[in-house]
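Take a walk through this model, from the domains of one chain to the sheet that two chains build.

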Amino acid sequence: MAAALEQDGVPTVAVHTHVFARLARATALANGMPRMRQSFVPQPVVDRTPGQLRGYIEGNDPISGRPFVQEVLEGLTKPLDEKDLQGLSFERTTPRLLEPDTAENLHRLFAENHWTDFLPIVLPTEERVERMLKGTKLPPDKVVGRLRPAVFREFWEFTVEKVAVNAVMAGARPEYFPVILALASSGVTARSSSTNSFATISVVNGPIRNEIGMNSGIGAMGPYDHASATIGRAYSLLSQNLQGGSVPGETYMGSLGNWYAYSAAFAEAEERSPWEPLHVQKGFKANESVVCVFFGGWYTHAGYGPRATWQEKMRRSLSAVEQFSPPLLVLDPIAARGFVELGFDKKQKLIDWCAKNALLPAREYWDNQWIQYLNRPRAVAGVEPYASRLRAKPDEIIQIFEPEEINIVVAGGETQGAWKMISGGLRGMASVDAWR
Amino acid sequence: MAERLSVHDPRGYPPKVTGKRLAPRLQNLDGKTVFLVDCLFDNSDVFMDQMQRWFGQHLPAVKTRTIKPKETWADDAEMRTAITADGSAAILGVGL
């Protein structure tokens, strides 16, 4: 927005907290305005009192070491020099092949450049990439899609061949490649730069699951089959490399990080589920192969059941989730059948029950920084259901999710009636068959 | 001697960067209106309120107005039009 205001002829200073300095400067550079005026205050701003924030304003910019207000005032009034007026145009290219080197040196290069997840990779030699490309009929130069680590960053584009390179690195086999291409085409990055350390959880439905040997039984959520492990890893690696990086401080700002970001892909146990599979719920045919991408991985709750007190347990879990990230429920078939015995003969009935029982006092709902960022502006603009939630009195109990935000998948080995409730809003769906 | 391998670059294709000019700076802020843009992050409104108080106490000749975009992380053309029409400069914050 600062760049747009400058383009409108309005001298502008953008104020950031100091831990975002590298990110802010890299973003300004990618916007062609590397000398955008930026000033910095200490982190955090959240939860600081007016007096503490006044202290930031009257103190020094922690990046430059100069008085903050002096930085701001000079940013608006100090005359521009020639470089400021020019901006900076440049082409960035990435080569198809790297300089040949020894395996040891190449492994070091990949790690040093943050092109790996710091687990061993398979080097993407020309022969290996060629073999991976045999997993699809599509040409290597076909553009698959574009990804970026955050909404304020620029999109990077990539082809079938570039996806194959990352699939090789993850250790995937050519027969998995259509699933990996479908994930890459979803438009959802598995390596968001969000401070919430989001990851993605990918669910695979349809015939492809059995064709490539995905395990939806014991240990379905990993790490107990080659296909799921390497498909999830490939999605993660391709996201970071094809979007222009996932480097802490520059293109990744997740405060805690996330173990789901290594690899999180699994297949629904369609044959043992009492309900229709996820992709059919979403409008696909049962014989189509589909990937669904859930964006979250922020919290995980778990339980057994449904036992006698399942409603109390489930209500506690639903009220304890982060209210900006709706739940994806993964139910072992034993648990799913137990719910059927209780009258939930359709998935939708259980989803509706969860939505009606995901409750919080309005005060608690709104006392969340992400709800403040994301939903409060919508509420103020009159968008429902946020506007009604905002009108609620502080102690009024409000519903925090709509049914369409909640999803249920059945997987597991029936060694117990387990369920997990994982942070995950459905962010993307893609046909696998389109990439065969 | 170890074998030298030819491997692919795993990165995608970045877009061309097109340079953009900064706006001319003001000679001074006296009598001018500076818009304080609350970027909607948690507590940004309190920060901008303190900025406004600071200007009032230390640079009373500068007029300040606070304004908010409609949504977080989205360009708000309507808001920019208001700033361009009625303001001379802008301070945005506090961006993460």
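Within chain A, 6 residues of domain 1 touch 6 residues of domain 2. On the domain 1 side of that contact, 4 residues are nonpolar, 1 is polar and 1 is charged. The model is a predicted one. Where do the two domains run? The domain assignment of chain A places domain 1 at 2-85, and domain 2 at 103-300 + 425-435. Domain 2 is thus listed in two segments of the chain. The C-alpha centres of domain 1 and domain 2 of chain A are 36 Å apart.

Now turn to the contact between the chains. Here 55 residues of chain B are in contact with 87 residues of chain A. Which elements of chain B give two or more residues to this side? They are strand E1 (4-5), helix H1 (44-58), helix H2 (77-86) and E4 of chain B. E4(B) provides the largest share, with 7 residues. By residue class, the chain B side splits into 28 nonpolar, 15 polar and 12 charged.

E4(B) also leads into the sheet. Strands of a sheet pair through backbone hydrogen bonds, in either a parallel or an antiparallel way. In this model, 5 strands make an open sheet, and the pairing is parallel. Their order is E2(A)-E1(A)-E4(B)-E2(B)-E3(B). Read along that order and the sheet passes from chain A into chain B. Which strands lie at the edges? They are strand E2 (38-41) of chain A and strand E3 (63-67) of chain B, and each pairs on one side only. Neighbouring strands of the sheet are turned by 20° against each other on average, direction ignored.

Look next at the individual pairings. Strand E1 of chain A, residues 12-17, is joined to E2(A) by 4 bridges, and the two run parallel. A:His16 gives one point to check: its bridge partner in E2(A) is A:Phe40. Then follow E1(A) across to the other chain. How many bridges link E1(A) to E4(B)? The two pair over 4 bridges, in the parallel sense. A:Thr12 stands opposite B:Ala90, a residue of E4(B).

One helix remains. Helix H4 of chain A, residues 68-77, lies across E1 and E2 of chain A. The same helix also lies across strand E4 (89-95) of chain B. Its direction is at about 165° to E2(A). So H4(A) lies across strands from both chains, given that E1 and E2 belong to chain A and E4 to chain B.

Terms used. Residues are numbered from 1 along each chain as its sequence is written. Chains are lettered from A and ligands numbered from 1 in the order in which they are written. This is a predicted model: local features need pLDDT of at least 70, side-chain atom pairs count only at pLDDT 80 or more; totals for chains, interfaces and linings use all residues. Two strands pair if DSSP finds at least two bridges between them. Axes are lines fitted to C-alpha atoms, for helices over the stretch in contact, and angles run from 0 to 180 degrees between N-to-C directions. Two residues are in contact if their C-beta atoms, placed from the backbone, lie within 7 Å. Domain bounds come from an automatic or database domain assignment. Ala, Val, Leu, Ile, Met, Phe, Trp, Tyr, Cys and Pro count as nonpolar, Asp, Glu, Lys and Arg as charged, and the others, Gly among them, as polar.
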